[in-house]
Amino acid sequence: MTTSSYLAAARSGLLAERIEASRRLLADCSLCPRRCKVDRLQGQLGLCRTGVKAEIASYGPHFGEEAVLVGEHGSGTIFFCGCSLLCVFCQNYDISHPDHMHESGCLAVDDRQLAEVMVELQAQGCHNINLVTPSHVVPQILAALPFAVAGGLRVPLIYNSSGYDSVAALSLLDGIVDIYMPDCKFWSADSARRYAKAADYPEVARMALQEMQRQVGDLQINGQGLAEHGLLVRHLLMPGGGAETDGILRFLAEQISVNCYVNIMDQYRPCGRADAFVELGSAVSAKEYRQAMQRAEAYGLTRLDRRDLARLLHHVLDK
Ligand code: SF4
């Protein structure tokens, strides 16, 4: 088993340096591309509505993630409340969007408590710690790690983000995160503006994915079939979004790596405020899914997540 990166960083003093540097960002928050410039150390809140403490909606072994993360005992997911992207169709709308998150039982945790959650997930047998929507709580995650390491944490750390990450924030995680698992959602500024009020998403995500790939490289999977290190990209197909998907897949093949491990996801269902957008009102068709898989292969992307072979077969046969 590869040694998790944060263990070496804790030993060398790198982690302590990053904790210090990241905490300073909270005083005039420019942690993510929204650059709210609020003082979170003094309780001011920006778009993510998260102050000095991280807030958790839930945690536990998760068996619905990619097979290379789930293994036998599950992926140790920690769902953070709040988000810096805020897509209108979010499937976790009630915990991510500010108008709902504080009614959803979000629990503010200090560094030690967050560390205890990580260690508890490992004790339950989880193969990794899967930080879901972590971009706005990078300093809090870093600050929890020394306590987690002291508590015996050793499994890989997964940064499971929307892809809306600044390179500056990602540089704080260099040598600490083992697996990056970003979404790559929008290819056009128009879509990103319409569905997340983030016209810069495509450019930001492209730079973020390139930085992630620079840091960790292609996904490495061990003899037990579990991911240990590297980049895993998710792309959620959207109804009628074939052109956006095409741009994203081409980018991954040409600018990231043809060996990039990609999960093309077809489970889109209208959630959150999607009903306000007529074009978001349907599921993704079998034909759209099949075409996306064919496009990926045409661009030379061969490491496509195949966890649901039955569904894939269904799509192929359903012509
Ligand atoms: S992390 Fe939150 S407060 Fe900071 S810039 Fe992003 S959205 Fe604003």
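Here are some notes on the ligand site, one loop glycine and the strand pairings in this predicted model.

1. **The ligand shell.** Start with the ligand, which has 13 residues around it. The closest are C29, C32, C36, R40 and C48. Sorted by class, the shell is made up of seven nonpolar, three polar and three charged residues. If you are looking through the cavities, the largest one is the space taken by the ligand.

2. **G46 in its loop.** You'll find G46 in the loop that links α2 (14-26) to β1 (54-62). Is G46 buried or exposed? Its relative accessibility is 11%, and the cut-off for buried is under 20%, so G46 counts as buried. Have a look at R34 as well: G46 and R34 are 12 residues apart along the chain, and their C-alpha atoms are separated by 8.8 Å.

3. **β1 and its two partners.** Further along comes β1, which runs antiparallel to strand β2 (residues 75-80), with six bridges joining the two. β1 also runs antiparallel to strand β3 (residues 107-109), this time with three bridges. I56 is a handy residue to click on here. Its bridge partner in β2 is F80, and its bridge partner in β3 is L107.

4. **β5 and its neighbours.** Which strands pair with β5? One is strand β4 (residues 129-132), in the parallel sense over four bridges. In that pairing, L157 of β5 has I129 standing opposite. Another is strand β6 (residues 179-180), also in the parallel sense, over two bridges. There, I158 stands opposite I179 of β6.

5. **The β4-α7-β5 unit.** β4 and β5 also belong to a β-α-β unit, together with helix α7 (residues 138-150). The unit is right-handed.

6. **Two covered faces.** Strand β5 (residues 157-160) deserves a last look for its side chains. In a regular strand, side chains alternate between the two faces of the sheet. In β5, L157 and Y159 are on one side, with I158 and N160 on the other. What about burial on the two faces of β5? Both are covered, and L157, Y159, I158 and N160 are all buried. So that list of buried residues takes in L157, the one opposite I129, and I158, the one opposite I179 in β6, each under 20% relative accessible area.

Notes. Residues numbered from 1 in each chain as written. Predicted model: local features only at pLDDT ≥ 70, side-chain atom pairs only at ≥ 80, totals over all residues. Heavy atoms only, no water. Near = heavy atom within 4 Å. 1 Å grid on protein atoms, 1.4 Å probe; cavity = no way out; pocket = protein on both sides within 12 Å on 5 of 7 lines; lining within 4 Å. Sits in = over half its atoms within 2 Å of the grid points. Nonpolar A, V, L, I, M, F, W, Y, C, P; charged D, E, K, R; others polar. Buried < 20%, exposed > 50% of the residue type's maximum accessible area, 1.4 Å probe, protein only. Pairing = 2+ DSSP bridges. Right-handed = clockwise from strand over helix to strand, strands pointing away.
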